[in-house]
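Colleague: I would like a close look at a single part of this assembly, set in the context of its surroundings. Please take it step by step once the model is in view.

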Amino acid sequence: MSEMSSVPWLTLLMVIPLVGSAVVAFLPGSAEQAKRIALGFSLVTLVLGVVAATQYKSGGTAQFQLAEQHAWIPQFGVSYALGVDGIALVLILMSLVLTPVCLLAAWHDVPEDIDGARRTKAYFALLLVLETFMVGVFAATDVFLFYVFFEAMLIPVYFLIGRFGGARRQYAAMKFLLFSLAGGLIMLVAVIALYLQGPGGADGFLIAKLTGLSLDPTTERLLWVGFFIAFAIKAPMVPVHTWLPDAATESTPATATLLVGVLDKVGTFGMIRFCLQLFPNASEWATPLVVVLAVISVLYGALLAIGQTDMMRLIAYTSISHFGFIVLGIFAVTNVAGAGASLYMLNHGFSTAALFLIAAMFIRRRGSKRIPDFGGWQRVTPGIAGAFLIAGLSTLALPGLSSFVSEFLVLVGTFGAHPVAAVLSCTAIILAALYILLWYKRVMTGPKPEGLTGVRDWSLREKWVAAPLIAFFIVIGLYPKPALDVINPAVDKTLSYVHTNAATVAEGSTK
Amino acid sequence: MTAVAPAAFQQANIDYLAVLPLLIVFGAALVGVLVEAFVPRERRHTIQLTISVASLVLAFVAILFATKHQGLTFGYTDGATSRRLFALAIDGPALFMQGALVLMGVLGILIMAERFGGVGSDAFTASGASTPGSPIEAASARAGLITSEVFPLTLFAIGGMMLFPTVNDLIGMFIALEVLSLPLYILSGLARRRRLLSQEASLKYFLLGAFSSAFFLFGTALLYGYAGSVYFGDLSKAVSDTSLGLNGLLVAGAFLVFVGLLFKVGAVPFHAWTPDVYQGAPTPVTGFMAACTKAAAFGAILRLAYVGLDTASWQWQNAVIIVAVLTMIVGAVLSVTQTDMKRLLAYSSIAHAGFVLVGVLAFDQRGVSSVLFYVVAYGFSIIAAFGLVTLVRQDGGEATHLSQWAGLGKSHPVIAGTMAFLMLAFAGIPLTSGFVAKFAVFAAAIGTGGATGTVLVVIGAVCSAITVFVYARVIVLMFFSEPADDTVEVLVPSVGTTFAIAIGTLITFALGVVPSSLLDLADRASQFVR
Amino acid sequence: MTSTAEAVAFWILGPLAVLGALGLIFARKAVHAALGMALTMVTLGVFYLIEKADFLGVIQIFVYTGAVMMIFLFVIMLVGVDSSDSLLETIKGQRWWSFIFVIGLAGLLIFTLGQVTFDAKTVQAGMDRLVANNNATGNVTGIAEKIFGQYVWAFEVTSALLITAALGAMVLAHRERIVPKRTQAEWAARRVKENQDVAGLPAPGVYARHNAVDTPALLPDGRPAAKSVSRVLVARDQVARTDGYRDVERYIEREIEEGRQK
């Protein structure tokens with residue numbers, strides 16, 4: 001099931017940021033030097049990731065490629081096993097691209113006068129450690145190893161929010177940690193029980209060994225619930241979503257981007273990899289409930305986003321809505337919807353990154369996150385306004401930009417299986433237009449604001465932050481084939497484990 | 001009357017190499033007492049410290065040799081009835097526990113010996129007999145008196161703890177219980193600061209400990225009445241052989257004996273002493289107690305549950321399950337409201353005792369190995385944690401109130417960082433030994449415990465989540481808050497304490513990342529000899 | 001099984017032992033409690049003797065009732081016969097809750113143990129074995145064989161307990177003398193230097209009917225002299241009143257007055 005690789009690409013992708021974070025944290029020197037070193041390490045990781053991606057051949061027989069496997073804790077059946085399929089590869093590449101972008105965006109996040117270079121070094125080191133865990137959690141093909149990364153990645157985020165965040169950062173960090181850990185501990189019980197249901201032995205935690213088990217229905221459903229609760233909290237889905245708006249508001253934009261753009265994908269990724277692949281019958285049994293919750297998330301998130309005055313909170317609610325779409329696509333259990341959901345994860349990562357980081361640019365200039373404090377900014381910072389417009393249009397899935405492809409695939413794929421859900425979710429497209437365009441109108445259009453002196457348009461650094469994101473929107477929007485070529489076989493493989501007749505409704509033209 | 005030939009006196013067979021570790025520790029304790037008598041005061045502290053650490057290291061080497069001499073010893077096989085009348089059972093779990101106790105004891109003694117540049121141990125009072133607050137107390141401190149008796153007392157305690165999981169009969173277990181407890185009662189009352197609190201803690205520990213020992217003895221008497229013998233092997237066999245009329249003795253006896261043992265680990269509802277004693281005792285002694293007493297007591301509980309009363313497990317299992325559930329819940333819930341660091345760690349140790357009890361209730365070899373792993377992982381972490389608590393001071397006294405720890409991350413990042421890491425280990429975050437230990441215990445419980453085991457694990461997971469809040473709050477205080485005032489300082493520890501804390505933290509990390517060697521050792525050491 | 005004599009002895013002495021134990025717990029005066037405990041110990045010794053454990057019975061009376069109870073009484077003497085602890089209950093409702101729990105526990109134990117039925121033959125066999133052993137080797141030798149043979153390890157480890165107890169007593173109760181003890185010459189020199197009580201403190205009062213250390217001497221104006229009794233007695237409020245002793249004096253004085261006026 002795994003094709004072993006000779007060069008340990010994935011381990012390298014994890015080790016390099018880890019080494020980088022140690023260097024950044026402990027090397028004496030100025031904060032500026034530390035920041036440059038951090039950026040350097042993240043760029044090296046990105047290059048390595050691209051090289052590793054070239055080694056990946058889409059459409060092989062094995063589910064996982066670039067695989068490595070060593071025994072770690074044989075007494076528990078745990079192996080250090082890594083491997084990627086199409087979905088994981090795409091998400092890893094997304095993390096590798098977003099990390100340097102976020103590092104660039106976070107360049108001036110930590111004021112240097114307080115505590116000197118130590119705080120800056122800690123901040124950048126934590127971001128690099130987070131990158132290690134992000135790669136690890138997507139690349140793990142051993143359930144225990146996945147769980148370890150799933151929990152471990154909470155700690156850097158906890159410190160990033162709690163130490164470097166806004167006024168209510170303690171509360172937000174604690175809420176985030178408690179929600180996620182509660183879900184994690186429920187999942188722990190399910191993980192242990194799953195191993196005992198499987199063949200056991202020194203490598204009994206490998207996904208390959210745990211796929212295709214014939215479990216008695218009650219056990220399978222209980223296990224599914226255990227895993228799903230953790231992923232639903234992570235995703236987040238209504239009704240366990242309340243940690244996200246607080247966490248997003250109180251973190252720095254770079255942290256919020258990585259949190260919402262990458263870490264939350266772990267939830268939906270887990271739904272595909274574990275809930276669907278390991279417990280297909282239970283997934284089928286639970287689909288009605290999940291679809292209902294997903295539709296509620298879609299509509300609730302969109303409706304609440306419209307009325308927000310805090311911009312970061314607004315983006316958080318839009319994410320809740322988008323994640324509803326992703327979960328809907330996953331649990332529609334059709335190849336089209338599944339591919340759409342995976343591509344959606346990729347697109348959402350970039351579009352959320354764009355929203356957070358570009359909004360951060362004018363938030364910092366104005367010193368406030370509240371929409372009423374803005375107005376007419378397209379005359380003050382036309383460049384940023386333009387980039388913001390593109391980011392907003394991508395979020396509302398304008399055709400020609402990348403998000404349109406994924407949203408279309410999800411809706412088309414869902415329509416065959418759950419037409420009502422699809423129709424209801426379509427209304428969210430209108431709501432999305434509402435919240436994005438209203439936001440743009442209130443912030444950017446209007447007469448030029450008084451009393452704003454010395455506000456410059458975007459700097460070179462900020463252009464470098466926005467450029468990759470905008471380029472992605474346009475390229476994938478017009479030519480999504482490379483991404484879909486990698487995603488489709490992986491989705492097909494995963495869904496082949498699900499014992500339903502994959503209703504392949506309109507294999508929409510994806511050219 | 002027919003003359004019965006007098007029975008010949010049968011000498012016990014003694015395998016000296018098997019009991020050598022115990023003999024070394026007790027012998028060193030005796031030497032320590034002589035040192036107290038004859039060595040002039042200036043050199044006493046150094047000599048006592050050297051003797052203690054050296055003897056414990058020697059004992060560890062002896063344990064390595066003893067692994068080749070496993071079996072029942074210190075007794076004989078009765079020719080007439082072919083009963084095996086041996087006092088000690090040197091087997092895997094016993095030797096594993098002895099090794100763990102010796103190593104944790106070394107760390108505990110190193111922290112106890114911390115002088116911070118003074119004359120004697122900083123944690124212990126200069127004159128234990130002086131009334132708190134009297135001029136004699138101050139005069140003793142000025143005159144440079146020291147209480148270096150703590151070292152032989154600690155060695156006696158370690159000897160008793162090593163003996164506790166090794167004994168093969170109930171009377172030996174009672175004696176070991178007393179041998180390990182008496183020095184701890186004395187040590188708890190010898191704090192240098194807040195002496196009234198310390199003496200109160202000592203008295204509470206003594207009274208409640210004496211009561212629980214009395215319960216244990218009562219249970220022993222009843223079990224003897226049931227089985228006709230105090231040996232665990234005979235007790236186990238007697239369950240199937242004895243008539244049902246005597247069942248009342250078995251139930252009552254088992255219950256009372258467990259009360260005595262569960263008191264020692266701080267299980268609910270026998271936990272009332274834990275917060276007060278942990279708070280009042282000198283902090284290094286608290287760390288030593290939290291790690292080593294728990295290890296020894298769980299070793300004894302394992303032996304009683306798996307060798308002595310295993311055939312009668314259906315009698316007492318439900319009661320212990322209820323105790324485990326209560327312990328986890330009470331320990332987790334009550335730790336939320338604590339504002340004193342030592343009390344917080346005390347309630348957290350109660351919760352951890354509950355988790356270990358869940359492992360005990362998996363009647364399987366995996367249960368034994370998971371318990372062995374857990375006490376080692378927890379022991380090293382808690383010694384390091386209490387070692388860190390000894391360092392934070394304000395106005396010359398220990399700053400144990402949580403508000404005094406605010407902002408420590410800014411002023412002393414290394415100390416705060418280490419404490420944060422240990423808090424994460426207690427919470428059970430992956431990549432720490434606490435997670436691997438919890439996983440082992442939970443896996444054992446689900447694996448062989450059936451539905452009950454799964455329910456226990458779910459409750460354990462929920463209680464873990466509650467304790468996460470407690471530990472996260474400490475981290476929030478240290479790293480995300482501003483310091484309350486500038487007078488809180490962190491003393492610089494000497495080599496010994498630094499070494500102890502560093503080793504404890506390193507082991508916490510190592511057992512989280514590469515636990516397989518210790519897991520393997522625990523697996524191989526989980527077979528009891530009968 | 002149990003002979004009549006044994007049964008009679010048990011049913012008379014058993015309740016006595018329980019009464020002694022209850023006396024230990026509930027007696028108000030410390031000495032009464034100690035005597036209650038002595039009663040329990042003696043009856044236990046008698047039980048052991050009845051059960052043919054001669055050595056144990058005699059040792060129980062020697063060691064427990066003799067040595068241990070004497071130590072108790074010494075401690076009571078040093079602490080003070082009249083001293084008693086404060087019986088103020090600081091935890092609300094603790095008396096009631098402990099009463100309920102004790103009754104519950106006692107009830108549980110009585111219920112469980114009350115259902116136990118002993119097999120007469122096994123009990124008799126055990127008794128016979130003990131008697132045979134006593135006849136063969138003697139009770140003392142039998143115990144010696146057990147202590148030095150089967151239970152030698154337990155016996156030796158108990159020494160650790162005794163050493164710990166002695167060490168603990170030293171640590172917790174023995175005050176090392178930091179400054180050398182003042183000799184009488186030094187006390188006198190100090191008194192002269194400070195010009196206070198140069199002739200020494202006044203001695204306690206001597207009266208016709210009482211001259212113990214707890215009666216103060218009288219100053220010239222008739223008030224009791226505070227310095228003439230130990231301040232420990234003052235602190236314990238155990239200083240005797242002098243009025244009663246002075247009544248005789250006043251009576252004689254009045255008689256002398258009357259005689260003079262006649």
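Which chains have the most contacts among the two pairs of chains that touch? From there, please concentrate on chain C.

Modeller: This is a predicted model, and in it the pair with the most contacts, among the two pairs of chains that touch, is that of chains B and C. Chain A, by contrast, has no contact with chain C, and the closest C-alpha atoms of these two chains lie 36 Å apart.

Taken by itself, chain C comes to 10 helices and zero strands, so that its pattern along the sequence reads α-α-α-α-α-α-α-α-α-α. Its radius of gyration is 30 Å, whereas a compact globule of 262 residues would have one near 18 Å, and along the principal axes the C-alpha atoms of chain C fill a box of roughly 95 × 50 × 45 Å. Of the 262 residues in chain C, 20% are buried, and the chain exposes about 19,200 Å², of which carbon and sulfur atoms supply 66%. Among the contacts in chain C with a separation of 6 or more, 48% are accounted for by residues 24 or more positions apart.

Within this chain, C:Asn134 deserves a separate look: it has its place in helix α5 of chain C, which covers residues 120–137. C:Asn134 counts as buried because its relative accessible area is 15%, and buried here means under 20%. Leaving aside neighbours within four places in sequence, C:Asn134 is in contact with C:Lys52, C:Asp54 and C:Asn139.

The wider setting is given by the nonpolar cores. The largest of them has 415 residues, and those with the most contacts inside it are A:Phe227 and A:Trp439. Its largest share, 25 residues, comes from helix α17 of chain B, residues 433–480. Apart from that core lies another, of six residues, among them C:Ala34, C:Met37, C:Ala38 and C:Met41. With neighbours within four places in sequence left aside, the contacts of A:Phe227 include A:Val143, A:Met187, A:Leu194 and A:Phe279.

Helix α17(B) itself is worth following along its course, since its 48 residues have end C-alpha atoms only 25 Å apart, short of the 70 Å that a straight helix would reach at 1.5 Å a residue. At B:Gly450, α17(B) bends by about 150 degrees.

Technical notes:
Residues are numbered from 1 along each chain as its sequence is written. Chains are lettered from A and ligands numbered from 1 in the order in which they are written. This is a predicted model: local features need pLDDT of at least 70, side-chain atom pairs count only at pLDDT 80 or more; totals for chains, interfaces and linings use all residues. Side-chain values use heavy atoms; hydrogens and water are left out. A nonpolar core is a set of buried Ala, Val, Leu, Ile, Met, Phe, Trp, Tyr and Cys residues joined through side-chain atoms within 4.5 Å. Buried means under 20% relative accessible area, exposed over 50%, partly exposed in between (1.4 Å probe, protein chains only). Helices (H or I, at least four residues) and strands (E, at least two) are DSSP runs, numbered from the N terminus. Contact means heavy atoms within 4.5 Å. The bend at a residue is the angle between axes fitted to the seven residues ending there and the seven starting there. The radius of gyration is taken over C-alpha atoms; the globule rule is 2.2 Å times the number of residues to the power 0.38. Accessible areas come from the Shrake-Rupley method with a 1.4 Å probe; for residues, only the protein chains shown count as cover.
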